[in-house]
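User: I would like to learn how to read a protein model from its overall makeup down to single side-chain pairs. Could you take me through this one, giving the general idea before each case?

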Amino acid sequence: MHIKLGKKYYIVSIKEALALTLIPIIVCILALILINRNPSYKIDIKIYPSVSPLEEIQRGALKGLDSSVKRIIRLQNRQKNNDRAMQINTKLALLKSWPLMEGFILEYNLKQKLFSNRWNDIDKQWIQPKAGFLVRVIQIFQDESVDSSKNTIREPQTWQAVRMLTNAINIAPNKETSFITVSLNWKDPEEGADLLNNFIDYANIFISRFDQNEISTQIIKIESLLAKEKLSVMQKALLDELGSLKQSSFMISPNFNSAFKVLAPAKSPIEPYFKAPKLLLILLFIISAISTFIGVAVNRTRHTKTKLNA
């Protein structure tokens with residue numbers, strides 16, 4: 001059997017060819033077994049943003065109108081659609097935001113679930129993580145008067161929990177349908193489904209509070225300007241804007257209009273999610289193939305030297 005590497009051809013025996021083929025495959029299979037040794041479930045929930053529907057001007061709808069009127073109508077329609085897209089992007093940004101994730105973790109006390117391997121449910125306390133080799137070496141040369149156990153924080157930091165939850169949740173919007181799929185990888189399928197449904201409920205409350213705070217700030221600014229303004233025309237314009245903001249503040253209440261509507265709530269999946277990271281598997285296959293080829297070359301060199309010495 002001949003293998004071409006660059007411009008040269010190498011003769012490979014059947015055993016060597018099998019080694020070059022089977023060993024990388026076995027390495028990848030073992031890697032998949034290790035990756036999926038702890039089953040994880042992928043839970044999905046489908047939502048859509050509660051914004052005004054996309055407006056499109058039908059063909060022939062502006063027929064017979066003056067060109068300047070057509071231009072104004074098209075500009076207004078484009079502005080409305082741009083505002084709609086901005087509202088959706090803002091809601092999505094808030095859904096993925098660090099403050100929302102942090103608030104959700106603290107609200108539902110998720111640290112214990114995210115770091116279950118470091119939480120003792122019987123004693124209701126955090127377990128001291130095992131120190132690595134480097135840490136143990138440092139502790140050997142550490143001053144005996146310093147109690148290292150007091151300086152070590154047992155409870156994981158909130159930023160660590162936020163990073164872990166952010167990695168577990170995937171938010172995938174569909175531009176064509178405006179639907180959004182929120183996925184969660186979790187060990188317990190029933191607990192994960194409840195958690196994902198609670199996440200959307202909390203997100204609606206969080207976004208509603210955020211919008212209300214923004215409107216409250218604008219109302220305070222307008223009321224301050226209204227107290228200083230003396231022209232009746234400007235006073236009327238400010239009063240109209242103030243009334244519009246107060247109406248908007250009422251309409252963004254989560255009980256009245258949620259930021260996201262649930263199209264299909266999260267349900268507990270039956271089968272676990274099979275993880276097969278393509279990039280990692282390709283990298284392992286290439287590395288193992290190169291290592292096997294080097295091993296085969298070294299073994300052939302030794303075999304040749306043995307024959308010559310004999």
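The dialogue below goes from the chain as a whole to its sheet, its core and its salt bridges.

User: Before the details, what kind of model is this, and how many helices and strands does the protein chain have?

Analyst: This is a predicted model, and the protein chain in it has 10 helices and eight strands. Of its 310 residues, 26% count as buried. Among contacts with a separation of 6 or more, 74% are between residues 24 or more positions apart. The chain exposes about 22,300 Å², of which carbon and sulfur atoms supply 59%.

User: How should I read a sheet, and what is the strand order in the open sheet of four strands?

Analyst: In general, the strands of a sheet pair through backbone hydrogen bonds, and this pairing is either parallel or antiparallel. In this model the four strands of the open sheet follow the order β6-β7-β3-β8, with antiparallel pairing. Because β6 and β8 stand at the edges with a single partner strand each, one side of each is left without a neighbour in the sheet. On average, and with direction ignored, neighbouring strands of this sheet are turned by 30 degrees against each other.

User: Over how many bridges does β3 pair with β7, and over how many with β8?

Analyst: The antiparallel pairing of β3 with β7 runs over seven bridges, and that of β3 with β8, residues 260–264, runs over four bridges. To find these pairings in the structure, you can start from D44, whose bridge partner in β7 is S183, and from P49, which stands opposite F260 in β8.

User: Which side chains of β3 are buried, and which are not?

Analyst: The side chains alternate along β3, with Y41, I43, I45, I47 and P49 pointing to one face, where they are buried, while K42, D44, K46 and Y48 point to the other face and are not buried. As for what lies against the sheet, α7 lies across β6 and β7 and runs at about 45 degrees to β6.

User: How do I recognise the largest nonpolar core, and which residues have the most contacts inside it?

Analyst: The idea is to look for buried nonpolar residues that are joined through side-chain atoms. The largest such core here has 40 residues, and those with the most contacts inside it are I47, L95, L114, I169, V182 and F199. Two or more residues each come from β3, α2, α3, α7, β6, β7 and α8, with α8 giving the largest share, nine residues.

User: Which residues does V182 touch?

Analyst: Leaving aside residues up to four places away in sequence, V182 touches I43, D44, I45, I47, L95, I169, N170, I171, L196, F199 and I200. For another contributor to the core, look at α3, in which L100, M101, G103, F104 and I105 are buried. After α3 comes N109, whose phi is positive, near 50 degrees.

User: How do I read a salt bridge, and how many does a search of the whole structure find?

Analyst: Side chains of opposite charge can pair when their charged atoms come close. A search of the whole structure finds three salt bridges. In one of them the side chains of K111 and E155 meet at 3.3 Å, N to O, linking distant parts of the chain, with K111 in helix α4 and E155 in the loop between α6 and α7, 44 residues apart.

User: Are K111 and E155 buried or exposed?

Analyst: K111 is buried, since its relative accessible area of 10% is under the 20% limit, whereas E155, at 37%, counts as partly exposed.

User: What are the other pairs, and which parts does the one between K113 and E191 tie together?

Analyst: K113 forms a salt bridge with E191, with the closest N and O atoms 3.7 Å apart. Because K113 lies in helix α4 and E191 in helix α8, this pair ties together parts that are 78 residues apart in sequence. Both residues are partly exposed, K113 with a relative accessible area of 38% and E191 with one of 28%. K124 forms a salt bridge with D121, where the closest N and O atoms are 3.0 Å apart, and K124 is exposed because its relative accessible area of 53% is over 50%.

Notes: Residues are numbered from 1 along each chain as its sequence is written. This is a predicted model: local features need pLDDT of at least 70, side-chain atom pairs count only at pLDDT 80 or more; totals for chains, interfaces and linings use all residues. Side-chain values use heavy atoms; hydrogens and water are left out. A nonpolar core is a set of buried Ala, Val, Leu, Ile, Met, Phe, Trp, Tyr and Cys residues joined through side-chain atoms within 4.5 Å. Buried means under 20% relative accessible area, exposed over 50%, partly exposed in between (1.4 Å probe, protein chains only). Contact means heavy atoms within 4.5 Å. Two strands pair if DSSP finds at least two bridges between them. A salt bridge is a side-chain nitrogen of Lys or Arg within 4 Å of a carboxyl oxygen of Asp or Glu. Axes are lines fitted to C-alpha atoms, for helices over the stretch in contact, and angles run from 0 to 180 degrees between N-to-C directions. Accessible areas come from the Shrake-Rupley method with a 1.4 Å probe; for residues, only the protein chains shown count as cover.
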